[in-house]
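Colleague: I would like to learn how to read a model like this one, feature by feature. Could you give me the general idea each time and then the case at hand?

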Amino acid sequence: MNVDELTQLAVDALDDLKAVDIRVIDVRGKSNVTDVMVVATGTSTRHVKSLANNVVDKMKESGGRPLGIEGEDVGEWVLVDLADVVVDYLLNGEF
């Protein structure tokens, strides 16, 4: 799956569960870690965890697996690493 497809998968998964303020930031040439960051806000810890789980589920349905998931145990923020795309969720955060 290419970067654009991964990005669209993440945005669609977030939109499915009504993530707030979804933003896509292209960091190619600015970061060696990833090409695209997708950032969104959840309305509660449960919502943030659900957003992360939905992205992971959609990734698995497409035949892939995330490289890692961080912060899911607390739920105030969660980061899902899809290699070329990193998805970050914040609880009622402003960015």
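Modeller: Let us begin with pairing: two strands count as a pair if DSSP finds at least two bridges between them. Please keep in mind throughout that this is a predicted model. In this model, β3 and strand β4, residues 77–81, pair in the antiparallel sense over three bridges, and within that pairing Gly68 stands opposite Asp81 in β4.

Colleague: In what order do the five strands form the open sheet?

Modeller: The order is β1-β2-β5-β4-β3, and the pairing in this open sheet is mixed. Because β1 (20–26) and β3 (68–70) stand at the edges with a single partner strand each, one side of each is left without a neighbour in the sheet. Neighbouring strands are turned against each other by 15° on average, when direction is ignored.

Colleague: Which strands does helix α1 touch as it packs on the sheet?

Modeller: Helix α1, residues 3–16, touches β1, β2 (36–42) and β5 (85–91), and its direction makes about 5° with that of β2. Helix α2, residues 45–61, lies across β2, β3, β4 and β5, and runs at about 165° to β5.

Colleague: How should I read the two sides of a helix, and which residues of α1 are buried?

Modeller: The general idea is that an α-helix has 3.6 residues a turn, so residues three or four places apart point the same way. For the reading of burial, a residue is called buried when its relative accessible area is under 20%, and exposed when it is over 50%. In α1 the buried residues are Val3, Leu6, Thr7, Leu9, Ala10, Ala13 and Leu14. They cover an arc of only 160° around the axis, which puts them on the same side of α1. The exposed residues Asp4 and Asp15 are carried by the face turned away from that buried side, while what covers the buried residues includes β1, β2, α2 and β5. As for its length, α1 has 14 residues and reaches 20 Å from its first C-alpha to its last, close to the 20 Å expected at 1.5 Å a residue.

Colleague: Could we also look at one strand residue, and is Val85 buried or exposed?

Modeller: Val85, whose place is in strand β5, counts as buried, at 0% relative accessibility. Leaving aside its neighbours within four places in sequence, Val85 is in contact with Val3, Leu6, Thr7, Thr34, Val36, Val38 and Val80, and three of these names, Val3, Leu6 and Thr7, also belong to the buried residues of α1. Val85 and Asn2 are 83 residues apart in sequence, yet 9.7 Å apart in space, C-alpha to C-alpha.

Colleague: How many salt bridges does a search of the whole structure find?

Modeller: In general, side chains of opposite charge can pair when their charged atoms come close. Here the search finds three salt bridges. In one of them the side chains of Lys58 and Asp16 meet at 3.8 Å, N to O. Lys58 lies in helix α2 and Asp16 in helix α1, so the pair ties together parts that are 42 residues apart in sequence. Lys58 counts as partly exposed at 27% relative accessibility, and Asp16 is partly exposed as well, with a relative accessible area of 46%.

Colleague: And what of the pairs that involve Asp21 and Arg28?

Modeller: The side chains of Asp21 and Arg23 meet in a salt bridge at 3.1 Å, N to O, whereas in the bridge of Arg28 with Asp26 the closest N and O atoms are 2.9 Å apart. Arg28 is partly exposed, with a relative accessible area of 42%, and Asp26 is partly exposed at 39%.

Notes:
Residues are numbered from 1 along each chain as its sequence is written. This is a predicted model: local features need pLDDT of at least 70, side-chain atom pairs count only at pLDDT 80 or more; totals for chains, interfaces and linings use all residues. Side-chain values use heavy atoms; hydrogens and water are left out. Helices (H or I, at least four residues) and strands (E, at least two) are DSSP runs, numbered from the N terminus. Axes are lines fitted to C-alpha atoms, for helices over the stretch in contact, and angles run from 0 to 180 degrees between N-to-C directions. Contact means heavy atoms within 4.5 Å. A salt bridge is a side-chain nitrogen of Lys or Arg within 4 Å of a carboxyl oxygen of Asp or Glu. Buried means under 20% relative accessible area, exposed over 50%, partly exposed in between (1.4 Å probe, protein chains only). The expected span of a helix is 1.5 Å times one less than its number of residues. The arc is that of the directions from the helix axis to the C-beta atoms.
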